[in-house]
Amino acid sequence: MNNTLSAVKKPLVVLYQPRKDEEGCVNTPPYALLALAAVLVDEFHVLIFDGALVSEPWRDIDAVCGEQPILAFGVTVITGPPILDARRFSQEARSRYAGTPVVWGGCHPSIDPEGTLRDGCVDFVILGQGEIPFREFLRQRRDGISPSNIPGLCYITDDVVQLTRPIAPQKLSSFPPRPFHLVDLSKYVRNINTIGKCIVYITSQGCPYQCYFCSDTALYGTHWSGYAVEEMIRDVRMLYCLDISFLMIFDNNFFVNRMRVLEFCRQLQKEGLQLRWQADICVDQILNEFSSQDLAEIRAAGGEVFFVGAESGSNDVLELLNKRITRDDTIAAAQKCRDAGIRVIYSFMTGFPGIYREEFRDTITLCNQLAQEDNTNEIILCTYTPYPGTELYRQFQHLLETPRSLSEWGQWSVFAVKGNWIDSMHKTRIRNASVCLCAVYGFFPWHSLQLMASKYSVVRLFLAPFKAVASWRLRHQRFRFHIERHIYSFVELVLRPLFL
Ligand code: B12
Ligand code: SF4
């Protein structure tokens, strides 16, 4: 962290990534802030702080900034718990630095600029891709001009919210490289027992698909753009120096440009970067855009895991979601990945209003089938949560108790919403089905028990009857009165410290 700010000549800009405040949330480098910083660092002195890494961000900010004036605060915000920390931070910023504007950008303020501004802790919102408009905003502030005529800039004057249209997203390759030296990347390295030391990396923005549940469409429509391969390789070389063995590529859709992906793979090999990696891909892309030969190349270059939003085993739901695939496509894609030796993490959602009983059966059947066919695969089963700005949110809005304030949006999380439209017995069924899948196939977080079972026969013996019952439940879809789940959880609690 820079502690010699007295020597700084450029105007100071403080960027903040709020803490997630949710159990199990991954700490990711602040990629949105790094993207902004890329176009700012020539003209401004940019400091990035991450609420997930420090318990008292203001202590660090005070220590670094001292008495220096700050031109603006920029905060990146997604819907859910990060809003709560973003609000705290912004309120504090305004009370400590009266007159310094607080600007919010990112998914949530872009989707609900009016609600964000009316909350009263934010001065400006910038919609959509932020690089160009934020730089223009800062230039105008620096030059003593009251910011105006900036595409995507929203604010309140005379109690009227001034909304403007966002800028058309620019190609990422037109921006300078992200200034990674502004953050301590080593703090984002995690050690996961199944994959080793890893870090999250992002290589693109947007997605050309238009799934009706996905926030990305609300932000970027069908626009997609990715960093050039040379830049990706430069980044990966730098991340490699952090002694990582696995790269979690968290793009919305990494595989949009086939040539870019294959070139990336070739360059990884040419450079001798022996990393394993995972990335998001669609069923449709596996089937229609990447040949078996392509998948083999990807695998050879360390592409070990695909994250696939299979979403549902019901063709009706897949249509409702505008997924443009059928359940048979998912099975065919699974076969193609298996042939290429690529492990797949499938993400499923269940609990759609009005049809949740019917779709649940089909989804569990498909989950079970995929897991049975390849026991290296993994399944994540979530309860559907409507996100603002999406087509499905609009469709289901009448069934929801919609948040009325920014802080209520801060409560809007997968864990809190949990399908308010679903009867409580069915909620129990969903939870139990998820536990059964984990118990039978050893998915996260139950893989630790499987690990113990492979080492100790006493654990194996203990697990056997539970696995047998869970397997019966999955086959017959009987998830009510799941009493053994409680014993299972209790014993896991006791065994874990003893054996791991
Ligand atoms: C990293 C990430 C996370 C991180 C946290 C990120 C953070 N900022 O705090 C983690 C892993 C914790 C996470 C969790 C979740 N996430 Co998430 N996540 C992402 C992901 C993969 C990358 C975000 C990113 O950095 N992108 C790269 C940057 C460059 O693009 P960008 O974010 O769009 O930023 C640009 C603009 O938005 C704008 N901008 C952004 N910030 C700012 C700030 C200022 C001041 C300005 C001017 C402009 C600006 O300019 C940027 C540069 O162009 C996105 C998907 C994606 N690939 O984008 C989903 C995404 C943001 N997540 C999403 C969701 C739904 C979730 C979860 C609810 C998922 C879940 N089921 O659990 C949880 C919620 C966590 C919680 N506690 O609430 C949704 C957003 C929903 C919403 N309405 O906000 C996204 C878009 C995925 C999707 N396609 O639906 N996520
Ligand atoms: S493919 Fe993924 S990122 Fe793209 S629109 Fe669908 S859910 Fe969103």
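Which residues of α1 are buried? Keep that question in mind as you look through these close-up views of a predicted model.

**View 1. Helix α1 and its neighbours.**
Helix α1 covers residues 31-40 and is mostly covered, with nine of its 10 residues buried. Here is the reply to our opening question: the buried residues of α1 are A32, L33, L34, A35, L36, A37, A38, V39 and L40. What do these buried residues pack against? Their partners are three strands, β1 (12-17), β2 (45-50) and β3 (70-76), together with helix α6 (131-142). Try finding each of these elements in turn around the helix.

**View 2. The shell around ligand 1.**
Around ligand 1 there are 43 residues, of which G74, T76, G80, G105 and G130 come nearest. Two or more residues of this shell are given by each of α1, β3, β4 (102-105), α4, α6 and α7 (215-220). You have already met the element that gives the most: α1, with four residues. How many residues of each class does the shell around ligand 1 have? By class, there are 23 nonpolar, 15 polar and five charged residues. Domain 1 (5-162) and domain 2 (189-384) each supply at least three residues to the shell around ligand 1.

**View 3. Where domain 1 meets domain 2.**
Let us step back for a moment to see how the chain is divided. The protein has domain 1 (5-162), domain 2 (189-384) and domain 3 (444-500). Taken over C-alpha atoms, the centres of domain 1 and domain 2 are separated by 31 Å. Contacts link these two domains: eight residues of domain 1 are in contact with seven residues of domain 2. Which helix gives the most to the side of domain 1 that touches domain 2? That is helix α4 (residues 107-111), with three residues. The residues on this side of domain 1 divide into five nonpolar and three polar, with no charged residues.

**View 4. Parallel strands β12, β13 and β14.**
Start with strand β12 (residues 246-249), which pairs with strand β13 (residues 276-281) in the parallel sense over four bridges. To find one of the matched positions, look for M248, whose bridge partner in β13 is Q278. How does the chain fit a helix into this picture? Helix α9 (residues 258-270) joins β12 and β13 in making a right-handed β-α-β unit. Now move on to strand β14 (residues 303-311), which runs parallel to β13 and is joined to β13 by five bridges. Here D280 stands opposite F307 in β14.

**View 5. The shell around ligand 2.**
Which residues surround ligand 2? They are C207, Y209, Q210, C211, C214, D216, T217, N252, N253, C282 and G309. Sorted by class, the shell around ligand 2 has five nonpolar, five polar and one charged residue.

**View 6. Two loop residues with positive phi.**
This view pairs N149 and D158. N149 is in the loop between α6 and β6 (153-157), and its phi is near 50°, a positive value in a residue other than glycine. Is N149 buried or exposed? N149 counts as exposed because it has 9 C-beta neighbours inside 10 Å. D158 is in the loop between β6 and β7 (160-162). Phi of D158 is near 50°, again a positive value in a residue other than glycine. D158 has 5 C-beta neighbours inside 10 Å, so D158 counts as exposed.

**View 7. L53 and R19.**
Look for L53 in the loop between β2 and α2 (57-65). Why is L53 called partly exposed? The reason is its count of neighbours: 16 other C-beta atoms lie within 10 Å. R19 is 34 residues apart from L53 along the chain, and 7.9 Å separate their C-alpha atoms.

**View 8. V440 and its contacts.**
V440 sits in helix α18 (residues 424-441). V440 is buried because 23 other C-beta atoms lie within 10 Å, and the cut-off for being buried is 20 or more. What does V440 touch, not counting residues up to four places away in sequence? Its contacts are K467, A470, S471 and L474. One of these, S471, is 31 residues apart from V440 along the chain, with 6.0 Å between the two C-alpha atoms.

Methods
Residues numbered from 1 in each chain as written. Chains lettered and ligands numbered in written order. Predicted model: local features only at pLDDT ≥ 70, side-chain atom pairs only at ≥ 80, totals over all residues. Domains from an automatic or database assignment. Nonpolar A, V, L, I, M, F, W, Y, C, P; charged D, E, K, R; others polar. Pairing = 2+ DSSP bridges. Right-handed = clockwise from strand over helix to strand, strands pointing away. Buried ≥ 20, exposed ≤ 12 C-beta atoms within 10 Å, placed from the backbone. Near = placed C-beta within 6 Å.
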